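Dear colleague,

I am passing on the structure we talked about, and below it you will find my notes on what turned up. Please read them with the coordinates open beside you.

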Amino acid sequence: MVHYFIGNLGHTFVIVSFVCALIGVFAYIKGLKNKSWENYGNIVFYLHAIGIFGVVLTLFAIINQHYFEYHYAWKHTSRFL
């Protein structure tokens, strides 16, 4: 059985966290002159943290459930561990 949903969800979390990191850096740089950008940077930072947490959870699910169709699980885990 192929488990595409968890991989696509993890991929989405990676993209969201990367984009939020870029926006957060930009917002904090702009926030040096304008405090409203700093507040926006704080919000984006929390979205980035949620994205990273989602990546960790999906990677844990892939490893814990032994979804060997994903290279990382195939390379670094086995049922004998």
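**Notes on the model**

Lys-75 is exposed, with a relative accessible area of 54%, and this residue belongs to helix α3, which covers residues 71-76. Between Lys-75 and Leu-32 there are 45 Å in space, taken from C-alpha to C-alpha, for a separation of 43 residues in sequence.

Please keep in mind that this is a predicted model. The mean pLDDT over the chain is 88, and 96% of the residues score at least 70. Confidence is highest in helix α1 (residues 4-30), with a mean of 94, and lowest in α3, where the mean is 74. Where pLDDT is low, the predicted coordinates should not be read in detail.

Helix α2, to which I gave most of my attention, runs over residues 35-64. This helix has 30 residues, and the distance from its first C-alpha to its last is 44 Å, close to the 44 Å expected at 1.5 Å a residue. After α2 comes His-66, which has a positive phi, near 55 degrees.

The structure holds one salt bridge, and you will find it in α2, where the side chains of Lys-35 and Glu-38 meet at 3.1 Å, N to O. The two residues are three places apart in that helix, about one turn. An α-helix has 3.6 residues a turn, so residues three or four places apart point the same way. As for their surroundings, Lys-35 is exposed, with a relative accessible area of 56%, whereas Glu-38 is partly exposed, at 29%.

Which residues of α2 are buried? They are Gly-41, Val-44, Gly-51, Gly-54, Thr-58 and Ile-62, and the buried residues of this helix pack against α1 and α3. Thr-58 may serve as an example from that list: its relative accessibility is 6%, so Thr-58 counts as buried, the cut-off for that word being under 20%. Leaving aside residues up to four places away in sequence, Thr-58 touches Ile-6, Leu-9, Gly-10 and Phe-13.

When you go through the model yourself, I would suggest looking at the salt bridge between Lys-35 and Glu-38 and then at the contacts that Thr-58 makes with Ile-6, Leu-9, Gly-10 and Phe-13, while bearing in mind that α3 has the lowest confidence in the chain.

With best wishes

How values were computed. Residues are numbered from 1 along each chain as its sequence is written. This is a predicted model: local features need pLDDT of at least 70, side-chain atom pairs count only at pLDDT 80 or more; totals for chains, interfaces and linings use all residues. Side-chain values use heavy atoms; hydrogens and water are left out. Helices (H or I, at least four residues) and strands (E, at least two) are DSSP runs, numbered from the N terminus. Buried means under 20% relative accessible area, exposed over 50%, partly exposed in between (1.4 Å probe, protein chains only). A salt bridge is a side-chain nitrogen of Lys or Arg within 4 Å of a carboxyl oxygen of Asp or Glu. Contact means heavy atoms within 4.5 Å. pLDDT is the predictor's confidence in each residue, from 0 to 100. The expected span of a helix is 1.5 Å times one less than its number of residues.
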